[in-house]
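Here is a walk through a structure for someone seeing it fresh. Keep the view open and follow along step by step.

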Amino acid sequence: MNAVWLKQGLSFLFIFLFQVLVLKQVHLIWGSFNYISLIIIPLWYMLLPVQTPRWLLVAIGFISGMLVDWFYDSPGVFASAGTFIGFARPIILSYVEPKGGFRSISIPSKFHLGLNWFVTYASVMLLVYLLFYFSMEVFTPAYLVKILLKTIFSFILSILLMLLYVFIFDPE
Amino acid sequence: MIFDTGFMQNLFAFFYRYAYVFLFLVLEFISIRWIVQGNKEQRAIFMNSSTIISGKLYDRFSSIKHYFGLRKENQTLANENAFLRARLSNLEQELITTRPDSLRDSTYRQRYLLIPAEVDNNSIEFRNNMMTINRGSLQGVTKFSTVIEPNGIVGFIKNVGSRYSSVMSILNSNARTSVMIKGSRTIGNLVWDAGSPMEMNLEAVPKHAFVHQGDTILTTPYSHFPSGHPVGVITKAIVEPGENFYTIRIKLFNDLSKVSQVYVVTDLHKNEIDSIAPPQNLIK
C-alpha cells in the first residue's frame, strides 16, 4: 500500500512540475488564434488506483488543483476542475469498465488494459476535465463557442502529450 | 417507534455512503467562490502566498530563458539608451537657453520613480493573465505602481511581496486602462478581448471624435502610468450603424508574449494628487 502511494507521489511531482514549469511557459498563439493550453495534470487523476475511495479522489482533486492554481495565479480554476474530475472518475470508470471488471488490477493503465482501452478512457476523462476547466476559466456561458474551441484544440495536443508519457514510463 | 437502532444505522450508513457527494459539493462551492471573488480579500491572500512560493521557483527557471534572450535584450536596451541620450542632449540645450539662474526650481520635482525588474512568470493565453516580477516592497514597489516597457505598457501591480510582486497584465479582463489618442487627446478605455496578445480594443470613444487609422495611442495623465507613454497604433476605427461609440482596434507596440525586461513605475505625486481630488476608479 505504502509503496503504491510513494509511486503516486513521485509521478505527481513529475507531472505537476512538468505542468507548471514547462507547459505553462509554452504559448501556442498565432495572430488571434488563442485556443491552446497544454494540460497534462488530469493524467495523474486517471492513473490513481481503481480502489481509491471516492471521497479521497474528490479531496485529492481539490488539493492538487489548488497547488497548480498557485503557480497559474488562477485561484479556484484548477481546484474546481480537479474536484469535478475526482467526483466523475468512478462514474466514467463504470462506463468503460472492461468485460471481466477490474478485479486485481490496481492502476487503470495501458500496461494492464491495452492501448485501445486506455485511449478511450483517457479521452473521455480529458474531454470532461477540459470542458469543465475552460467553463470555469472563461466563466461566462456567452463564450460557449470559445469554450468548445479551446476544449477541442487543447484536447488534441494534450492527449498526445499524455500518450507520450504513457509510452515512456508505461505505469503499472 | 421511529428512532429504533435499525433506523439510526441506516441513517449513518446513508451519510457514510454519500459523504463523498457532500465533500464534492462543499469543495466545488469553495473553489467557485475563489473564482468569482475576483479582486477581493481571498484573492489577495491567495496571490500573496502564491507570489512567495512560485516566485522563487520561477526566478530560477526564468534565468535560463533570459540567457537565450540576451542578444535581443541588448538591442532593446541600446535603442532605449540612444533615445534617452537624444532627449538628454535636447534638454541640456533647453537648460542653457532658459538661463537656469533666473529660475526657481522649487516647482521642479521628480514625478516618477522607475525600478528595473525582470519578468519571472508570464501568461497570455488565459482570459485573466498575471505575471510575477522579481521586485517587491524592499525595492520600493507599492500597490499603486504600474509596469511598463520602453515601447509600451505591461500591467498593474496587484500584490507586493518583500522580493516579488504579482502584476495584473493589461491582457486581463479586469484591466481597464485610460488612454488617449495622440494629438486630439480624445480619451478612451483600453480593454482586451482575450484574442491576440498583440491587439486590444479602445472603448468609450464618442462618435463625434476625430479618429483615424494609424493614430498613435498614449497613456493619459489620469492613469497611474507615466503620462504620454506609447501604447499602440489604431488599425481599425469604425462606427457601427446605430452606435454612439467607435469600434476601435489597436495594435500594441510591445509584444507581451516576449516581455522580460520591464520597469516598475511609482508615481511620487500620487498622494498629493489624491489629497486634492479623490482618485477615480480607473482600474476596475
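Start with one residue at a meeting point. This is a predicted model, and Phe62(A) is a good place to enter it. Phe62(A) touches Ala79(A), Gly82(A) and Thr83(A), and also Leu27(B), Ile30(B), Ser31(B) and Trp34(B), with neighbours within four places in sequence left aside. So contacts to both chains meet at this residue, whose relative accessible area is 9%; under the 20% cut-off, that makes Phe62(A) buried. Phe62(A) belongs to helix H3 of chain A, residues 54-72. Along the chain, Thr83(A) is 21 residues away from Phe62(A), yet their C-alpha atoms are separated by 4.7 Å.

Now step back to chain A as a whole. Chain A holds 7 helices and 2 strands. Their order along the sequence is α-β-β-α-α-α-α-α-α. Of its 172 residues, 58% are buried. Take the contacts in chain A between residues at least 6 apart in sequence: 73% of them join residues at least 24 apart. Chain A exposes about 7,500 Å², and carbon and sulfur atoms supply 74% of that area.

Next, look inside. The largest nonpolar core has 58 residues. Those with the most contacts inside it are Ile41(A), Leu43(A), Phe118(A), Tyr121(A), Tyr129(A) and Tyr133(A). Several elements of chain A give two or more residues to this core: helices H1 (2-22), H2 (42-46), H3, H4 (77-96), H6 (115-138) and H7 (144-169). Which element gives the largest share? It is H6(A), with 13 residues. A second, separate core has 45 residues, including Ile148(B), Ala175(B), Trp192(B) and Phe225(B).

Tyr133(A) deserves a closer look. Beyond residues up to four places away in sequence, it touches Ile39(A), Val77(A), Phe78(A), Ala81(A) and Phe126(B). Tyr133(A) is also part of an aromatic cluster, together with Phe12(A), Phe16(A), Trp44(A), Tyr45(A), Phe71(A), Tyr72(A), Phe78(A), Tyr129(A), Phe134(A) and Phe126(B).

Aromatic pairs come to 26 over all chains. One of them joins Phe12(A) and Trp44(A). Their ring centres are 4.6 Å apart, and the planes meet at 55°, a tilted arrangement. This pair links distant parts of the chain: Phe12(A) sits in helix H1 of chain A, Trp44(A) in helix H2 of chain A, 32 residues apart. Phe12(A) is buried because its relative accessibility is 12%. Trp44(A) is buried too, at 7%.

Turn to chain B and its helix H1, residues 5-36. How far apart should its ends be? At 1.5 Å a residue, the 32 residues should span 46 Å. The end C-alpha atoms are 44 Å apart, which agrees. H1(B) also bends, by about 50° at Tyr18(B). Its buried residues are Tyr20(B), Phe24(B), Leu27(B), Glu28(B), Ser31(B), Trp34(B) and Ile35(B). Among them, Leu27(B), Ser31(B) and Trp34(B) have already appeared as contacts of Phe62(A). An α-helix has 3.6 residues a turn, so residues three or four places apart point the same way.

Finish at Met131(B), in strand S2 of chain B, residues 128-133. Met131(B) counts as buried because its relative accessibility is 0%. Leaving out residues up to four places away in sequence, its contacts include Asp73(A), Val119(B), Val154(B), Val167(B), Leu256(B) and Val259(B). The C-alpha atoms of Met131(B) and Ile157(B) are separated by 9.3 Å, with the two residues 26 apart along the chain.

Conventions. Residues are numbered from 1 along each chain as its sequence is written. Chains are lettered from A and ligands numbered from 1 in the order in which they are written. This is a predicted model: local features need pLDDT of at least 70, side-chain atom pairs count only at pLDDT 80 or more; totals for chains, interfaces and linings use all residues. Side-chain values use heavy atoms; hydrogens and water are left out. Helices (H or I, at least four residues) and strands (E, at least two) are DSSP runs, numbered from the N terminus. The expected span of a helix is 1.5 Å times one less than its number of residues. The bend at a residue is the angle between axes fitted to the seven residues ending there and the seven starting there. Buried means under 20% relative accessible area, exposed over 50%, partly exposed in between (1.4 Å probe, protein chains only). Contact means heavy atoms within 4.5 Å. Accessible areas come from the Shrake-Rupley method with a 1.4 Å probe; for residues, only the protein chains shown count as cover. A nonpolar core is a set of buried Ala, Val, Leu, Ile, Met, Phe, Trp, Tyr and Cys residues joined through side-chain atoms within 4.5 Å. Rings of Phe, Tyr and Trp (its six-membered ring) pair if their centres lie within 6.5 Å; planes under 30 degrees apart count as stacked, over 60 as edge-to-face and the rest as tilted.
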